Number of protein chains: 2
Amino acid sequence: MVLKNPIEKLNKIFESRIRLGVMSVLMVNEEVNFNDLKQLLEVTDGNLATHLNVLEESGYIKVHKSFIGRKTNTAYAVTRPGEKAFKDHLKILESMIRNIS
Amino acid sequence: MVLKNPIEKLNKIFESRIRLGVMSVLMVNEEVNFNDLKQLLEVTDGNLATHLNVLEESGYIKVHKSFIGRKTNTAYAVTRPGEKAFKDHLKILESMIRNIS
DNA sequence: AAAAAGCACTTTGTAATACAAAGTTAATAA
DNA sequence: TTATTAACTTTGTATTACAAAGTGCTTTTT
């Protein structure tokens, strides 16, 4: 058997269901704010915050704080490296899928 | 925003990189033995054993112990429910990918 | 025949991760 | 003024991942 390790290239950051969800939402929406993400993914705010932190610290998303009127709004968006990393990850998954079906 | 939660249907069992790897290997090979899996996925034997246990206990793979000569051989294969569960999981991933690209 | 090595684990221990819940601060609505 | 919302941080617990060592049996090497 001389197959290659099929998992070595999968990005550990995207192993988490929640972070995968965040990325997939942010890939199709320019900007999404904290609360919308929270309701969309059905997670507690503390939990979401920590996952967002992981994504931010790895440079895959960026935060954009602004005011809507005098109220603060926190919106998240993917960065260029985040887009690349996520697409790369999906490519690996895709090739696994293609192998199988 | 009335999008659906994109992650609720993802199978928790397949969140692990290693279990994902095991499944993807077993989907394209009738049977793979312990040692081949271990070398293919580059994991320690203890770690592999526990992940295989999780997959077996959830009914997604089955074990086939036999003798090659007088030496024991432990081979793993996907079960029918395992095949279905994995394909379902991949379908969700696929739809996420399709949404994005 | 004795020693070393391989297979397929189990056990043990540690470190990382996930998560909920409660607390926080500042603003806004009732 | 009280209550509520947003977006967190902190705290604590439970789960998970993983490596490493130990086990019992077999095979290979010397």
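Which residues are the closest to DNA strand C? In this predicted model, 22 residues surround DNA strand C, and the closest are A:Thr44, B:Asn35, B:Asp45, B:Thr74 and B:Tyr76. Sugar and phosphate make up 80% of the atoms of DNA strand C that come within 4 Å of the protein. Several polar contacts illustrate this. The side chain of B:Asn35 places an N or O atom 2.7 Å from a phosphate oxygen of DNA strand C, and a polar side-chain atom of B:Lys65 lies 3.0 Å from a phosphate oxygen of this strand. In the case of B:Thr74, a backbone N or O atom is found 3.1 Å from a phosphate oxygen of DNA strand C.

The surface near DNA strand C draws on both protein chains. At least two residues each are supplied by helix 1 and helix 3 of chain A, and by helix 2 (34-41), helix 3 and strand 3 of chain B. By residue class, the surface near DNA strand C consists of 4 nonpolar, 10 polar and 8 charged residues.

DNA strand D was examined in the same terms. Of the 22 residues around DNA strand D, those that come nearest are A:Asn35, A:Asp45, A:Thr74, A:Tyr76 and B:Thr44. Sugar or phosphate accounts for 79% of the atoms of DNA strand D within 4 Å of the protein, and bases account for the rest. A phosphate oxygen of DNA strand D lies 3.5 Å from a polar side-chain atom of A:Lys12, and a phosphate oxygen of this strand lies 3.2 Å from a polar side-chain atom of B:Arg19. For B:Asn47, a polar side-chain atom is placed 3.2 Å from a sugar or linking oxygen of DNA strand D. The elements giving two or more residues to this surface are helix 2 (34-41), helix 3 (45-57) and strand 3 (71-78) of chain A, along with helix 1 (17-28) and helix 3 (45-57) of chain B. The residues near DNA strand D comprise 4 nonpolar, 10 polar and 8 charged.

The two protein chains also meet each other. Chain A and chain B each contribute 33 residues to the contact. Between them the chains bury about 3,100 Å², of which 74% is on carbon and sulfur atoms. On the side of chain B, the residues B:Ile7, B:Arg17 and B:Ile100 supply 23% of the area buried against chain A, more than any other three residues.

One residue of chain A was considered individually. A:Ser16 is situated in the segment before helix 1 (17-28) of chain A. Its relative accessibility is 10%, and A:Ser16 therefore counts as buried, the cut-off being under 20%. A polar atom of the side chain of A:Ser16 lies 3.1 Å from the backbone nitrogen of A:Arg19. With residues up to four places away in sequence left out of the count, A:Ser16 touches A:His51 and B:Glu15.

Chain B contains an open sheet of 3 strands in the order 1-3-2, with antiparallel pairing. Strand 1 (32-33) and strand 2 (61-68) of chain B stand at the edges; each has a single partner strand, so one side of each is left without a neighbour in the sheet. Strand 2 and strand 3 (residues 71-78) of chain B are paired in the antiparallel sense over 8 bridges. Within chain B, B:Ile68 stands opposite B:Lys71, a residue of strand 3.

Note on methods:
Residues numbered from 1 in each chain as written. Chains lettered and ligands numbered in written order. Predicted model: local features only at pLDDT ≥ 70, side-chain atom pairs only at ≥ 80, totals over all residues. Heavy atoms only, no water. Helix = DSSP H or I, 4+ residues; strand = E, 2+ residues; numbered from the N terminus. Buried < 20%, exposed > 50% of the residue type's maximum accessible area, 1.4 Å probe, protein only. Polar contact = N/O pair within 3.5 Å; in protein donor to acceptor, adjacent residues only side chain to side chain. Contact = heavy atoms within 4.5 Å. Near = heavy atom within 4 Å. Nonpolar A, V, L, I, M, F, W, Y, C, P; charged D, E, K, R; others polar. Pairing = 2+ DSSP bridges. Buried area = accessible area lost by both parts, 1.4 Å probe.
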